[in-house]
Amino acid sequence: MQIRSKTLRWLLVLGTFVVGLIIAVQLFWMQKIYSFEQKQFNINVSKSIRSMYEDLNVLKDSSYSFERNIQNPQPNFYIISLDTVYPLADISRILGRELTDFDIFTDCKIGLHVKGKTGYVEEQYIDMPDANFSPRKNATIPVVEEDRNFVVLYFPNRTRYVIRQMMFWLVSGGLLIVVLIAFGVSIFYLFRQKFLYETQKDFVNNFTHEFKTPLSVIKIAADVLKDPAIVHRPEKLANYAQIIQQQTLHLEQQTARLLRIAFDSQKSLPLQKERFSVKILLEEALKNLEPLIEKRAGIVKISDETNDSFLYADRSYMLLAFINLIENAMKYSLHPWLQILLSIQGDDFCILFRDNGIGIEKKHHKRIFDKFYRVTSGDIQEASGFGLGLNFVKTIIETHKGKIEVQSETGKGSSFIIRIPRT
Ligand code: ADP
């Protein structure tokens with residue numbers, strides 16, 4: 001499971017990076033095309049103005065240069081100098097024709113400023129055959145206060161026009177990005193599906209393992225009991241009967257756990273709260289686990305720093321939570337040593353389970369509380385399970401509006417800290 005989730009993560013990171021890169025390249029190209037279109041617009045306007053100069057002969061010295069005769073303080077605003085004042089109607093007619101000839105199909109407002117006067121003595125609107133989107137006849141031409149003769153050209157819809165020129169690129173680029181994102185999302189779901197399938201397969205494997213051993217022990221014991229000679233050896237008979245009883249109990253517990261967790265569609269548990277001593281409940285949990293603790297030669301120490309260790313909670317669910325945590329401390333340790341510390345911190349009742357076990361790598365800390373999640377390690381043979389215990393503990397604690405967290409380092413043991421509000 002470890003390797004699979006790691007590969008999946010890398011694939012996702014790589015996929016996101018590639019999609020991000022393609023989107024960045026797309027945006028870069030869009031920007032390039034936008035500045036190209038802007039430049040083209042500028043060139044075509046300059047050409048139109050130049051032709052107008054030639055047609056009207058408005059410059060005394062007939063040599064024309066962009067730098068000398070045209071100022072472009074804003075991308076959509078041109079100031080063109082005049083030596084001779086011409087009627088604006090003539091300028092407008094010629095300019096309109098030239099702009100159309102040079103493929104500038106966006107509306108334009110022009111204003112005539114005469115030396116010695118303020119503002120524009122005359123204004124004209126040049127309608128364009130293709131300027132059918134929001135024509136702005138009443139747009140206000142920016143004011144230029146310079147004491148000379150000049151005409152201003154103002155294109156109120158210039159940006160929209162340039163963007164419209166790029167429409168094909170915008171639509172195709174946008175489509176590509178949408179397709180890429182859809183592709184990325186499908187791949188993500190596909191992998192997730194595969195991951196869930198693998199997790200389920202792991203679960204079935206664990207399940208089979210957990211049930212196969214007691215079943216084969218029962219089968220052997222039953223074979224022995226079938227032998228008629230066994231009645232003459234009552235101590236052996238009692239021994240085998242007890243083995244069957246123990247294994248059945250184990251199976252019963254496992255089945256109950258499975259049913260309660262794996263097939264429980266409800267998120268929260270129905271609580272039956274009562275007041276009880278946490279210390280006494282912990283002792284009860286230890287009694288339940290006596291065979292396991294003895295088998296693992298475990299040492300468990302309870303320290304109570306609370307004045308009274310009473311808590312108002314669901315006793316039977318809390319018992320199950322304690323059993324799961326103590327069981328894990330015994331399972332995931334070579335020479336189990338567990339300290340349980342009870343304390344009051346603010347409004348919370350805190351229960352700390354600190355063991356000296358194999359520890360848990362940081363990257364698994366969040367996931368160990370997920371259903372069916374197990375950190376597989378070949379070190380400890382006894383450590384079989386379904387990966388359901390901690391998920392169940394978390395559900396119990398959170399149903400009590402509490403929190404559970406883990407602090408652990410590989411090889412140094414683990415601490416599980418439970419905090420439950422006392423009120
Ligand atoms: P299970 O024990 O059935 O695998 P759990 O949900 O109880 O499932 O635990 C999930 C995983 O967390 C375990 O597989 C184990 O790797 C890790 N784990 C839980 N408790 C401990 C602990 N006290 N020390 C080390 N690892 C632990």
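**Figure 1. Accessible surface and overall make-up of the predicted model.** In this predicted model, the accessible surface of the protein amounts to about 24700 Å², and carbon and sulfur atoms hold 57% of that area. Of the 423 residues of the protein, 41% count as buried. The protein contains ten helices and twelve strands, and among its contacts with a separation of 6 or more, 72% are between residues 24 or more positions apart.

**Figure 2. A nonpolar patch on the surface, with helix H1 as its main contributor.** The patch is formed by Leu14, Phe17, Val18, Leu21, Ile22, Val25, Phe28, Trp29 and Leu176, which together have about 850 Å² of accessible area. Helix H1, spanning residues 2-56, supplies the largest share of the patch, namely eight residues. Leu14, one of the patch members, has its place in helix H1, and it counts as exposed because its relative accessible area of 52% lies over the 50% cut-off.

**Figure 3. The largest nonpolar core, with its 41 residues.** Within this core, the residues that touch the most other members are Val278, Met318, Phe322, Ile326, Ile351, Phe353 and Phe416. Two or more core residues come from each of helix H7 (278-288), strand E8 (310-314), helix H9 (315-331), strand E9 (337-345), strand E10 (348-355), helix H10 (389-399), strand E11 (403-409) and strand E12 (413-421). Of these elements, H9 gives the most to the core, with ten residues.

**Figure 4. Surroundings of Met318, and a separate core.** When neighbours within four places in sequence are left aside, the contacts of Met318 are with Phe276, Leu281, Ala313, Ile396, Ile397, His400 and Ile420. Apart from the largest core lies another one, made up of 26 residues that include Met52, Tyr53, Ile94 and Leu95. As general background, nonpolar side chains in soluble globular proteins tend to be buried together.

**Figure 5. Gln71 in strand E1 and its contacts.** Gln71 is located in strand E1, which covers residues 70-74, and it is classed as partly exposed because its relative accessible area is 35%, a value between the limits of 20% and 50%. Beyond its neighbours within four places in sequence, Gln71 is in contact with Phe77, Tyr78, Ile79, Glu146 and Arg148. With Arg148, the side chain of Gln71 makes a polar contact of 2.6 Å. Ser81 is ten residues from Gln71 in sequence, and the two are 8.6 Å apart in space, C-alpha to C-alpha.

Key. Residues are numbered from 1 along each chain as its sequence is written. This is a predicted model: local features need pLDDT of at least 70, side-chain atom pairs count only at pLDDT 80 or more; totals for chains, interfaces and linings use all residues. Side-chain values use heavy atoms; hydrogens and water are left out. Helices (H or I, at least four residues) and strands (E, at least two) are DSSP runs, numbered from the N terminus. Buried means under 20% relative accessible area, exposed over 50%, partly exposed in between (1.4 Å probe, protein chains only). Contact means heavy atoms within 4.5 Å. Accessible areas come from the Shrake-Rupley method with a 1.4 Å probe; for residues, only the protein chains shown count as cover. Patches are made of residues with over 30% relative accessible area and no salt bridge: like charges are joined within 9 Å, nonpolar side chains (Val, Leu, Ile, Met, Phe, Trp, Tyr) within 5 Å. A salt bridge is a side-chain nitrogen of Lys or Arg within 4 Å of a carboxyl oxygen of Asp or Glu. A nonpolar core is a set of buried Ala, Val, Leu, Ile, Met, Phe, Trp, Tyr and Cys residues joined through side-chain atoms within 4.5 Å. A polar contact is a pair of N or O atoms within 3.5 Å; within protein, one must be able to donate a hydrogen and the other to accept it, and residues adjacent in sequence count only if both atoms are side-chain atoms.
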